[in-house]
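Here is an informal walk through one protein model, meant to be read with the structure open beside you.

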Amino acid sequence: MGDLSKNFNRSEFACKGKNCCGHSAAVHPDLVDALRTLRDRIGKPLSITSGFRCNRHNQAVGGAEQSFHTLGMAADVSCPAGVSPEELAVIAEEIPLFREGGIGVYASWVHLDVRQSGKARWRS
């Protein structure tokens, strides 16, 4: 049982930077709700490869200056076995918070955010 929801712990979202924020883990509740819904729909655990990023770590990894990761509103999710990034993105689009947020498809993972400023979808 997670401390944020049935399936997610705050530690999964912690900043992975070195010598920066001490592994802070700000997480917007809408992100947790949308990820829980996604996990329930695919029926497989999700692995958060990048959740919250402090500004220093975000800059170190080349993140966008106004990254939703720095607000606790984004997560990069690796694809579980048997689910392609494109399939994961299509399922994510069925979830209103992601459909109105941001979805980025990469080779082996998907960026998902719950921005409230309008839909963004891209493929890397």
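What follows is a tour of the helices, the salt bridges and a handful of single residues.

Keep in mind that this is a predicted model.

**Two helices that meet**

Let's begin with α1 and α3. Their axes sit 10 Å apart and make an angle of about 120 degrees. An angle of 120 degrees falls outside the 65 to 115 range that counts as roughly perpendicular and is not over 145, so α1 is oblique to α3. As for handedness, α1 goes past α3 in a right-handed crossing.

Which residues make the meeting? From α1 come L38, R41 and I42, and from α3 come L88, I91 and A92.

Stay with α3 for a moment, which spans residues 85-93. Its buried residues are P85, L88, A89 and A92. These cover an arc of only 100 degrees around the axis, which puts them on the same side of α3. The spacing fits the usual helix rule: an α-helix has 3.6 residues a turn, so residues three or four places apart point the same way. L88 and A92 turn up twice here, as buried residues of α3 and as residues that meet α1.

**Salt bridges**

How many salt bridges does the structure hold? There are five. Among them are these:

| Pair | Closest N to O distance |
|---|---|
| D40 and R36 | 3.5 Å |
| R53 and D76 | 3.3 Å |
| R115 and D113 | 2.8 Å |

Take the pair of D40 and R36. Both residues belong to helix α1 (residues 29-42), four residues apart, or about one turn of the helix. Are they buried or exposed? D40 has a relative accessible area of 43%, so it counts as partly exposed. R36 is partly exposed too, at 30%.

The pair of R53 and D76 is another story. Both of these residues are buried. Their side chains meet in a salt bridge, at 3.3 Å from N to O. R53 sits in the loop between β1 (47-50) and α2 (55-60), whereas D76 is in strand β2 (residues 74-78), so the bridge ties together parts that are 23 residues apart in sequence.

Then there's R115 with D113, where the closest N and O atoms are 2.8 Å apart. R115 has a relative accessible area of 15% and D113 has 0%. The cut-off for buried is under 20%, so R115 is buried, and so is D113.

**L97 and its neighbours**

D113 comes up again when you look at L97, a residue of helix α4 (residues 96-99). What does L97 touch, not counting residues up to four places away in sequence? The list is D30, A34, D113 and V114. Another useful landmark is D33: it is 64 residues from L97 along the chain, yet their C-alpha atoms are separated by 8.8 Å. L97 has a relative accessibility of 31%, so it counts as partly exposed.

**S108 in its loop**

Where is S108? Look in the loop between β3 (102-105) and β4 (109-113). Its relative accessibility is 46%, so S108 counts as partly exposed. If you leave aside neighbours within four places in sequence, S108 contacts S78, C79 and P85. That last partner, P85, is one of the buried residues of α3. L71, by contrast, is 24 Å from S108, C-alpha to C-alpha, with their positions 37 residues apart in the sequence.

**The segment before α1**

Finally, have a look at what precedes α1. S5 lies in this segment. With a relative accessible area of 13%, S5 is buried. Beyond its neighbours within four places in sequence, S5 is in contact with V32 and R36. So R36 is worth a second look: R36 also forms the salt bridge with D40.

N19 and H23 are in the segment before α1 as well. What is notable about their backbones? N19 has a phi near 55 degrees, a positive value in a residue other than glycine. Phi of H23 is near 65 degrees, again a positive value in a residue other than glycine. In terms of accessibility, N19 counts as exposed at 71%, while H23 is partly exposed at 46%.

Notes
Residues are numbered from 1 along each chain as its sequence is written. This is a predicted model: local features need pLDDT of at least 70, side-chain atom pairs count only at pLDDT 80 or more; totals for chains, interfaces and linings use all residues. Side-chain values use heavy atoms; hydrogens and water are left out. Helices (H or I, at least four residues) and strands (E, at least two) are DSSP runs, numbered from the N terminus. Buried means under 20% relative accessible area, exposed over 50%, partly exposed in between (1.4 Å probe, protein chains only). Contact means heavy atoms within 4.5 Å. A salt bridge is a side-chain nitrogen of Lys or Arg within 4 Å of a carboxyl oxygen of Asp or Glu. The arc is that of the directions from the helix axis to the C-beta atoms. Axes are lines fitted to C-alpha atoms, for helices over the stretch in contact, and angles run from 0 to 180 degrees between N-to-C directions. Angles under 35 degrees count as roughly parallel, over 145 as roughly antiparallel, 65 to 115 as roughly perpendicular and the rest as oblique. A crossing is left-handed if the near helix is turned anticlockwise from the far one by less than a right angle, and right-handed if clockwise.
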